[in-house]
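Let's take a walk through this structure, starting with the whole fold and then zooming in. Keep the viewer open as you read.

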Amino acid sequence: MTTTVHIVGTGTIGEPLIGLFADFGNKMGVDEVTFHKRTPLEADRPRIQHLIKRGAKLAVDSENRSDFSSLGYEVSYEASDAIERATVVIDCTPAGNENKERYYQNISGPKGYLAQGSEFGFGKPYARGVNDEALVPGENRFVQIVSCNTHNITTLIKTLCDDGDSYCLEQGNFVCMRRANDVTQSGGFIPAPSLGAHSDSVFGTHHARDAHYVFETLNQDFDLFSSAVKLNTQYMHSIWFRLAYGRDTSVEEAVQRLRANPRVAVTEKQQTNVVFSFGRDHGYYGRILSQTVVSLPTLAVRRGRELYGFCFTPQDGNSLLSSVAAALWLIDPDRASVSTRLEPLRQWLYQEV
Ligand SMILES: NC(=O)c1ccc[n+]([C@@H]2O[C@H](COP(=O)([O-])OP(=O)(O)OC[C@H]3O[C@@H](n4cnc5c(N)ncnc54)[C@H](OP(=O)(O)O)[C@@H]3O)[C@@H](O)[C@H]2O)c1
């Protein structure tokens, strides 16, 4: 039996994910990586050809096959055949829910399907290291990999507030300061900071809402509220946070807990550009895979029970790690074995930046 991972979408998150499976799939028990590109564009040919050269196989919609071929793309499959023959499908488009309705739920071949952050309701929300035990083998065929900022928020709560048999969190507040667009995107840049509306009357923005639903899979019901502001930068997102505890805490306790989590990085840096450039210089596709990078000089405890600080969201590296982990879990749900198969990626899980 050939184990095949099929990735739909070649954008900001799809491309490095195809690269990860092409470069390390054989060490993770994946025999073949196929991927779907929607639009036949001449300008995209160099980066797609590079993925093909590294072993990934291109699938396109039947009506576009001749356009792709005449542009010099080497096409291996038609899209529906690629889904049918895949072991796991990872949707990396802003249309995961639409694709689920139109295609995925009618095709029984794959063991399971993943979609990304924007696709609320696609399946069980998941962040690696936060709610692994909530994934039920044979039951959760559809899994939503939560957004990069949701990874950051849930990892902070899990790391700083999980006391073993209960959480000490009374309330969490977050301001997500988001880059205007990704470095790979030319459109959508803004000339000045742009403030987000609080369109959710309970959670503020989708970031706290999504974090709430991740913890709901662990039977936790947290009081969370988030705000979002888009900044005129292409560097990574940063987050201001306030965690109100039901017991006393200290900066020392927070630092000790952050340092003890292998999926968390800490830093003495306070400038977004230098943390971003660390990823460019020491990451995979310019990304480190840590869930969050917490800036230690910004941590403060007020009145013994409120922890304040800033942290950075390392591009989409955390969503990439969770996407690989969830795909490996769908292939074989033994959790210890997932951990072993993830070994090739651990070199990009930094604990210090
Ligand atoms: N960007 C981030 O940092 C980040 C972080 C975490 C999670 N995410 C999530 O990842 C998902 C994708 O975001 P992205 O930033 O990677 O988007 P993106 O860079 O705009 O890329 C989107 C990709 O999806 C393809 N596509 C769009 N609609 C499609 C459809 N209906 N059918 C098939 N392919 C389609 C596009 O194909 P063509 O270009 O060939 O038309 C493109 O390859 C979203 O759910 C987002 O929330 C993004």
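What follows goes from overall shape to the ligand shell, then to one helix and a few loop residues.

First, a caveat: this is a predicted model. The protein contains 11 helices and 16 strands. Its C-alpha trace spans about 65 × 45 × 40 Å along the principal axes. For 353 residues, a compact globule would come out with a radius of gyration near 20 Å, and the protein has 20 Å, so the two agree. As for burial, 47% of the 353 residues count as buried. Contacts tell you about the wiring too: taking those with a separation of 6 or more, 72% link residues 24 or more positions apart.

Now for the ligand. There are 24 residues around it, and the ones that come nearest are Gly-9, Gly-11, Thr-93, Gln-116 and Asp-316. Sorted by class, the shell has 13 polar, six nonpolar and five charged residues. Both domains contribute: domain 1 (4–146 + 318–346) and domain 2 (148–317) each supply at least three residues to the shell.

Next, have a look at helix H9, residues 272–282, where Thr-272, Val-275, Phe-276, Phe-278 and Gly-279 are buried. Looking down the axis of H9, these buried residues fall within an arc of 150°, so they line one face of the helix. The spacing fits a general rule: an α-helix has 3.6 residues a turn, so residues three or four places apart point the same way. What do the buried residues of H9 pack against? Their partners are four stretches of strand: S12 (237–245), S13 (264–267), S14 (292–295) and S16 (306–313). On the other side of H9, Asn-273, Val-274 and Asp-281 are exposed.

Follow the chain out of H9 and you reach Tyr-285, in the loop between H9 and S14. Tyr-285 has a positive phi of about 50°, although it is not a glycine. It counts as partly exposed because it has 18 C-beta neighbours inside 10 Å. Asn-219 also has a positive phi, about 60°, and is not a glycine either. Its home is the loop between helix H7 (206–216) and strand S11 (224–231). Asn-219 is exposed, as just 7 other C-beta atoms lie within 10 Å.

One last loop stop is Asp-61, between strand S3 (57–60) and helix H3 (65–70). With 16 other C-beta atoms within 10 Å, Asp-61 is partly exposed. Its C-alpha atom is separated by 8.7 Å from that of Tyr-77, 16 residues away along the chain.

Technical notes:
Residues are numbered from 1 along each chain as its sequence is written. This is a predicted model: local features need pLDDT of at least 70, side-chain atom pairs count only at pLDDT 80 or more; totals for chains, interfaces and linings use all residues. Helices (H or I, at least four residues) and strands (E, at least two) are DSSP runs, numbered from the N terminus. A residue is buried if 20 or more other C-beta atoms lie within 10 Å of its own, exposed if 12 or fewer, and partly exposed in between; C-beta atoms are placed from the backbone. A residue is near a molecule or strand if its C-beta atom, placed from the backbone, lies within 6 Å of it. Ala, Val, Leu, Ile, Met, Phe, Trp, Tyr, Cys and Pro count as nonpolar, Asp, Glu, Lys and Arg as charged, and the others, Gly among them, as polar. Domain bounds come from an automatic or database domain assignment. The arc is that of the directions from the helix axis to the C-beta atoms. Two residues are in contact if their C-beta atoms, placed from the backbone, lie within 7 Å. The radius of gyration is taken over C-alpha atoms; the globule rule is 2.2 Å times the number of residues to the power 0.38.
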